[in-house]
Amino acid sequence: MEANEPKEIDLIQLFRHLLGKWKFIAGVTAALFAVGMVAYVSTPNEYRSTAKLLAEDAQSRVPSGLAGMLGGVANMSTDAITSSSFPDIVKTRPMLAKFLDLEVQTIEGEPVKLFEYLVNEQRFPWWQYITKPGLWKSHKINPQDYVYDTCSITPLQGLFFGRLSESFEVVLEKNAPNTVTVTMQDPHIAFQTARLLMQELEVYISDYRTLKARRNLHFSELQLDSARKNYVLAQEKLARFEDANQNMISRFARTEWERLRNDFSVATSVYGTLATQTETLRLELQKAKPVYVVLEPLTLQPGKIAPGLFKYAAISIFLGLFFGAGYVVITYLFCSGDKSKQSDQQ
């Protein structure tokens, strides 16, 4: 019965065994540390440009008196897009398409299309060139690659959109401004791309939240233009009739004059009402525009953000110690088990 009982591990002996194999463990650690340093050197540098912004989540309403004229569309909610939607907005194709024809300058001052830069001038770690052979080849960019079609995109546009969306990031914090970040391998290109992203984001939010107000204003302006024409026409008819019938007092002439006066009075009233309502809608459109405040202007963070030397060194040393000591412990346990079996058989 005692022969079948599991042997207890002598921790002191195991610790002495680990100390005896310190050269092996150190060699494994040094090898993995060297691999980590090679990975660090071969990983391209990245730079980050950031800004903090605050966009108001607001609602605007059309005055109830305009509901009848505007087809009953009186309540306009403009909070369908809030700041929580920013991370998705900056990665949509229509937003990314704004950058297709963007020309930027590298840190050396050379002009280059952002499309060309992201498609053909990106650098990657050496192992990605092995796992993804397509990274070696240079892509020929055609003029149609710079034209965005909502129905279909070219393969290079898909590649460009993918790499550009990976460089965009919007961090949302509760009760705090949103942080917009652009990460590139060139610090100047990161700054210029982030500047356009901020501008396009502001335009997108403003256009969306004022869409209904602009449509209602456009409808009211069309009605006002029609009322103005009717007003001028009624005024001209009345003036011509009065000039042609100054000395006539027939009952027919008086009846026609009263009709024209009534038509002119109605046209004047409608035109005045629409003019007032159009001005009101212009004010409502101004109120509907969201407050978009850049709390912290766009800045380029000094120095590269990736890769981190300390991070690579710490991970390499940890893995080296883990695998080296793990191998020594496993071999020790197997050897101890084999010796125990041999002693039991004897």
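The following paragraphs describe a predicted model, from its overall make-up to its strands, a long helix span and a surface patch.

Local features are reported only at pLDDT of at least 70 and side-chain atom pairs only at pLDDT 80 or more, while totals for chains, interfaces and linings use all residues. Residues are numbered from 1 along each chain as its sequence is written, and side-chain values use heavy atoms, with hydrogens and water left out.

The secondary structure of the protein consists of 11 helices and six strands; helices (H or I, at least four residues) and strands (E, at least two) are DSSP runs, numbered from the N terminus. Of the 346 residues, 33% are buried, where buried means under 20% relative accessible area, exposed means over 50%, and partly exposed lies in between (1.4 Å probe, protein chains only). The accessible surface comes to about 21900 Å², and carbon and sulfur atoms account for 58% of that area. Such areas come from the Shrake-Rupley method with a 1.4 Å probe, and for residues only the protein chains shown count as cover. A contact means heavy atoms within 4.5 Å. Among contacts between residues at least 6 apart in sequence, 77% join residues at least 24 apart.

Strand β5 (residues 178-184) offers a starting point among the strands, since seven of its seven residues are buried. Asn178, Val180, Val182 and Met184 lie on one side of β5, and Thr179, Thr181 and Thr183 lie on the other. Both of these faces are covered. Two strands pair if DSSP finds at least two bridges between them. Strand β1 (residues 47-55) runs antiparallel to β5 and is joined to it by seven bridges. Strand β4 (residues 168-171) also pairs with β5 in the antiparallel sense, over four bridges.

Individual residues show how these pairings are arranged. Thr50 belongs to strand β1, and its bridge partner in β5 is Thr181. Thr50 counts as buried because its relative accessibility is 9%. Apart from neighbours within four places in sequence, Thr50 is in contact with Thr179, Val180 and Thr181, and also with Pro297, Leu298, Thr299 and Gln301. On the β4 side, Val170 has Val180 as its bridge partner in β5, and Val171 stands opposite Thr179. The side chains of β4 alternate: Phe168 and Val170 point to one face and are buried, whereas Glu169 and Val171 point to the other and are not.

Attention now turns to the helices. Helix α10 (residues 251-288) has 38 residues and reaches 55 Å from its first C-alpha to its last. This is close to the 56 Å expected at 1.5 Å a residue, the expected span being 1.5 Å times one less than the number of residues. Its buried residues include Ala253, Leu260, Phe264 and Leu281, and the buried residues of α10 pack against α8 (187-209) and α9 (211-244). Leu281 counts as buried because its relative accessibility is 3%. The C-alpha atoms of Leu281 and Leu217 are separated by 5.7 Å, although the two residues are 64 residues apart along the chain.

Helix α11 (residues 309-345) contains Phe318. Phe318 counts as exposed because its relative accessibility is 56%. Together with Ile315, Leu319, Phe322 and Phe323, Phe318 makes a nonpolar surface patch of about 530 Å². Patches are made of residues with over 30% relative accessible area and no salt bridge, with like charges joined within 9 Å and nonpolar side chains (Val, Leu, Ile, Met, Phe, Trp, Tyr) within 5 Å. A salt bridge is a side-chain nitrogen of Lys or Arg within 4 Å of a carboxyl oxygen of Asp or Glu.
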